[in-house]
Amino acid sequence: MQCRAGCGACCIALSISSAIPGMATGKPAGVRCLQLNNDNKCLLYGKPERPAVCLGLKPSADMCGRNYKEAMANLEYLEKATEPDN
Ligand code: SF4
């Protein structure tokens, strides 16, 4: 599966605990990554500064659903299900 062009749901819905350029402590869930441009494309794509966690996350039908709304709902569910207290 390929990423939907201009989606960016995973760059908003998920928390990232490692540093991102411009976000030294990563980002909380639901916060837009500073590296996501206005077209919802990663400004670091293909660059060494892109966090390893972003490189490792691959699109899948289960996660990305059929559209942005489904992707956000699935990602919010996954985020909550993998919180340390859960
Ligand atoms: S660094 Fe790029 S891929 Fe990672 S969350 Fe930010 S915009 Fe998305």
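Okay, so let's start with alanine 71: at 2% relative accessibility, this residue counts as buried, because the cut-off for buried is under 20%. And just so everyone knows, we're looking at a predicted model here. Where is alanine 71 in the chain? It's in helix 4, which covers residues 68-81. Now, who are its partners? If we leave out residues up to four places away in sequence, alanine 71 touches Arg4, Ala9, Met63 and Cys64. Also, take a look at cysteine 3. Along the chain, cysteine 3 and alanine 71 are 68 residues apart, and their C-alpha atoms are separated by 11 Å.

Let's zoom out to the whole protein chain. How many helices and strands do we have? There are four helices and zero strands. So if you're reading along the sequence, the pattern you get is α-α-α-α. The radius of gyration is 12 Å, and that's close to the 12 Å the globule rule gives for 86 residues, so the chain is as compact as a globular protein of that length. If you'd like a box to put it in, the C-alpha atoms fill one of roughly 35 × 30 × 20 Å, taken along the principal axes.

What about the inside? Of the 86 residues, 29% count as buried, and alanine 71 is one of the buried residues. As for contacts, take those in the chain with a separation of 6 or more: residues 24 or more positions apart account for 42% of them.

Next up, the loop between helix 1 and helix 2. Helix 1 is residues 10-13 and helix 2 is residues 52-56, and proline 48 has its place in the loop between them. Is proline 48 buried or exposed? With 81% relative accessibility, proline 48 counts as exposed, because exposed means over 50%. Now compare two distances for proline 48 and glutamate 70: they're 22 residues apart in sequence, and 30 Å apart in space, C-alpha to C-alpha.

Two glycines are in that loop as well. Glycine 22 lies in the loop between helix 1 and helix 2, and at 66% relative accessibility it counts as exposed. Its C-alpha atom and the one of threonine 82 are separated by 25 Å, with their positions 60 residues apart along the chain. Then there's glycine 46, which lies in the loop between helix 1 and helix 2 too. Glycine 46 is exposed, with a relative accessible area of 73%. From glycine 46 to proline 28 it's 18 residues in sequence and 23 Å in space, C-alpha to C-alpha.

One more from this loop: asparagine 40, which also has its place between helix 1 and helix 2. Here's the thing to look at on the backbone: asparagine 40 has a positive phi of about 60°, although it is not a glycine.

Last stop, the ligand. Which residues surround it? They are Cys11, Ile16, Cys33, Gln35, Leu36, Cys42, Arg50, Pro51 and Cys54. What kinds of residue make up that shell? It divides into seven nonpolar, one polar and one charged. Cysteine counts as nonpolar in this scheme, so Cys11, Cys33, Cys42 and Cys54 go into that nonpolar group. Arginine counts as charged, so Arg50 is the charged one. And the space taken by the ligand? That's the largest pocket.

Technical notes:
Residues are numbered from 1 along each chain as its sequence is written. This is a predicted model: local features need pLDDT of at least 70, side-chain atom pairs count only at pLDDT 80 or more; totals for chains, interfaces and linings use all residues. Side-chain values use heavy atoms; hydrogens and water are left out. Buried means under 20% relative accessible area, exposed over 50%, partly exposed in between (1.4 Å probe, protein chains only). A residue is near a molecule or strand if one of its heavy atoms lies within 4 Å of it. On a 1 Å grid over the protein atoms alone, a cavity is a set of points where a 1.4 Å probe fits but cannot get out, and a pocket is an open set with protein on both sides within 12 Å along at least five of seven lines; lining residues have an atom within 4 Å of a point. A molecule sits in a cavity or pocket if more than half of its atoms lie within 2 Å of its grid points. The radius of gyration is taken over C-alpha atoms; the globule rule is 2.2 Å times the number of residues to the power 0.38. Contact means heavy atoms within 4.5 Å.
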